[in-house]
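Dear colleague,

Please find the structure we discussed below. My notes on it follow directly after.

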Amino acid sequence: MTFQASHTRLTTASPESVWTRWTTAADWAPDDPGTEWAVFDGQVAAGETGHVKSAGSPAQRFTFTRVEHHAAMDLAIALPGGRLEILHSLAETPAGLSVTHGLLITGPLSGLYAAVVGRALARELPEVVRLVTLHALRA
Amino acid sequence: MTSTDPVPLPDYAGEAPGHGVERVDVVVVGAGLAGLTAARALTARGLAVVVAEASDRVGGRTKAREVEGSLVDLGGTFVGPTQDRIIALADELGLDRFATFDAGSNVISWRGAIKHYRGTIPPIGPIGLADIGRIQFEIDRLGRGIDTAHPERSPHAAKWDSHSLTSWLRSIHALPSSHTLMSIVSGTTWGCEPGEISFLQVLRYIAMAGGISRMLDTAGGAQEEHFRQGSWQVSARMAAELGDRVRLATPVTAVDWTDDGAVVTAGPARFRAARVVLAVPPALRARIAFSPALPTPYSALTQRWPQGILSKAYAVYEQPFWRDAGLSGQALADTGPVTITFDASPHDGSRGILLGFIGGDHARHWDALPPAERRIQALSSFAEVFGEKALTPLGFTDQLWAAEAWTGGGPTAAPAVGTVVSTAPYLREPVGPLHWAGTETAEAWTGFMDGAVRSGERAAREILRALRPFAEVAP
């Protein structure tokens with residue numbers, strides 16, 4: 001059983017500026033009203049780790065699972081009986097730069113996590129993408 | 001003297017005749033639908049009228065633009081049942097109406113999923129539907145008890161005025177889905193977030209429209225029809241009739257008044273008149289220096305009825321391609337920036353035109369973006385509900401009403417919590433020779449073009465009664 005959601009927005013911002021927002025830990029909180037802070041333990045590369053603190057919950061350790069320069073950056077948070085993946089992708093299209101943020105919850109307790117945090121996170125996705133692209137435009 | 005004879009001008013207080021002061025019976029401030037309607041009615045009864053318009057165009061909150069050979073209404077667009085005054089006026093002026101296209105399925109982008117549906121009830125789940133149903137029932141029920149002309153006299157007026165739409169929804173334990181839907185309604189109806197507007201005004205406004213369904217529906221509702229020649233033509237044709245009585249780029253900066261008349265200053269021009277019609281949004285009354293100052297409640301009104309923020313985006317396509325997919329062109333989205341769309345194609349379907357509304361916080365964010373980013377984000381919203389073809393229009397335009405210097409926002413004023421009871425009594429009550437018009441002052445369909453026309457007609461009646469007490473004036 002899985003729960004997934006995503007939101008895509010087209011923008012005139014450059015791939016470089018969006019990528020910089022994603023790969024700069026200090027930019028996560030300004031780009032996501034639900035995030036208090038984030039730190040990376042090392043480079044932004046698959047297998048590397050970091051910590052993120054969301055409002056109202058303890059800091060979580062995460063692992064970068066996919067990092068493709070100017071294309072994708074995914075990370076995963078292990079949960080008891082489940083796994084939360086935060087997905088980011090970029091694609092240049094004839095109409096503009098397509099920026100997608102998504103989330104995927106898997107595991108035996110995915111239904112519970114979907115109800116507890118997944119739907120709320122999903123509702124925030126459009127605002128997060130709006131802020132990422134807005135701040136990227138200003139870069 | 002017959003009722004059509006010009007009214008003899010009294011010797012008004014203030015400056016002596018001459019010295020470049022033009023003498024008229026009535027100065028109308030603002031050449032929107034309300035002001036022009038008043039001017040037209042007064043002129044028809046033989047009064048000498050000047051309309052001073054600050055902008056370089058007439059129409060107020062109606063405006064037209066041509067995009068790839070197609071006309072689009074940048075402001076007020078639709079008309080519907082019981083909007084009798086705008087329809088009668090448009091008929092008189094020779095405008096034609098046609099039904100807004102609504103055949104096929106509507107689309108909703110809701111919680112990350114795209115769904116098609118028929119009718120007016122979006123598929124948001126049985127619990128969500130039940131909740132929004134009870135909210136609609138309750139708002140309509142409470143609205144029926146509101147004295148729309150004098151909301152301050154309504155039962156529980158102070159209580160409802162102490163609530164915003166948001167706080168009232170919380171008080172009845174509305175579900176998050178209902179908060180989201182009412183946020184979409186608030187953004188496009190009042191150009192504000194539900195937390196910004198007095199719940200008393202919400203009840204009053206919806207009651208004046210005849211209920212939520214009539215206000216929001218297409219067939220049988222306020223979006224039922226639009227004008228083939230565009231709604232701006234109503235103003236344009238009235239202005240053409242009025243000829244050089246309409247003075248463009250003539251912003252009124254001062255009104256010196258006594259009980260007997262007023263001297264109106266508009267840049268280098270000065271007009272001496274028996275009566276003045278101020279047909280501008282309440283907030284814009286503050287730009288005029290009144291001497292003596294208006295009584296305190298009137299000044300408070302100018303501060304407490306701010307304009308909403310509403311923008312519109314139009315994309316023009318070779319064909320209304322969504323119709324081929326069985327879609328009506330009407331969509332709702334909980335994502336934005338565009339939250340509501342309509343098919344605004346010409347009556348013959350010779351082009352496909354999508355109209356998107358962006359209101360409240362979405363408009364605050366979107367208006368601040370560079371034009372290219374606004375375009376791509378609006379098209380992205382269209383594509384989300386109608387597919388990739390929406391990304392490649394022949395033409396695109398947008399209208400940011402908050403950026404209009406002489407309108408200050410739109411579509412209407414959104415009075416804040418706790419302000420309606422204390423200020424509504426002064427919306428249209430004349431002060432000496434000063435009369436008030438504009439859609440906010442209407443007693444029916446406030447916020448709509450019909451309300452603007454009604455307010456202009458009412459202001460004209462007030463003046464005719466005052467200046468021609470023995471003439472027959474329609475009630």
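Chain B carries 43 positive and 50 negative side chains, and the centres of these two sets lie 2 Å apart. Please bear in mind that this is a predicted model.

As to the overall form, the C-alpha atoms of chain B fill a box of roughly 70 × 50 × 40 Å along the principal axes. The radius of gyration of chain B is 22 Å, which agrees with the value near 23 Å expected for a compact globule of 475 residues. The secondary structure of chain B comprises 15 helices and 22 strands.

Of the 475 residues in chain B, 60% are buried. The area that chain B exposes is about 17200 Å², of which carbon and sulfur atoms supply 54%. Among contacts in chain B with a separation of 6 or more, 74% are between residues 24 or more positions apart.

One residue was examined individually. B:T446 is placed in the loop between strand 22 (434-436) and helix 15 (449-467) of chain B. Is this residue, B:T446, buried or exposed? Its relative accessible area is 2%, and B:T446 therefore counts as buried, the cut-off being under 20%. The side chain of B:T446 reaches the backbone oxygen of B:T439 at 2.7 Å. B:T439 also appears among the residues that B:T446 touches, together with B:Y205, B:M208 and B:E440, when residues up to four places away in sequence are not counted.

With kind regards

Methods:
Residues numbered from 1 in each chain as written. Chains lettered and ligands numbered in written order. Predicted model: local features only at pLDDT ≥ 70, side-chain atom pairs only at ≥ 80, totals over all residues. Heavy atoms only, no water. Helix = DSSP H or I, 4+ residues; strand = E, 2+ residues; numbered from the N terminus. Rg over C-alpha atoms; globule rule 2.2 N^0.38 Å. Buried < 20%, exposed > 50% of the residue type's maximum accessible area, 1.4 Å probe, protein only. Contact = heavy atoms within 4.5 Å. Areas by Shrake-Rupley, 256 points an atom, 1.4 Å probe, with all protein chains shown as cover. Lys, Arg positive; Asp, Glu negative; His and termini not counted. Charge placed at Lys NZ, Arg CZ, Asp CG, Glu CD. Polar contact = N/O pair within 3.5 Å; in protein donor to acceptor, adjacent residues only side chain to side chain.
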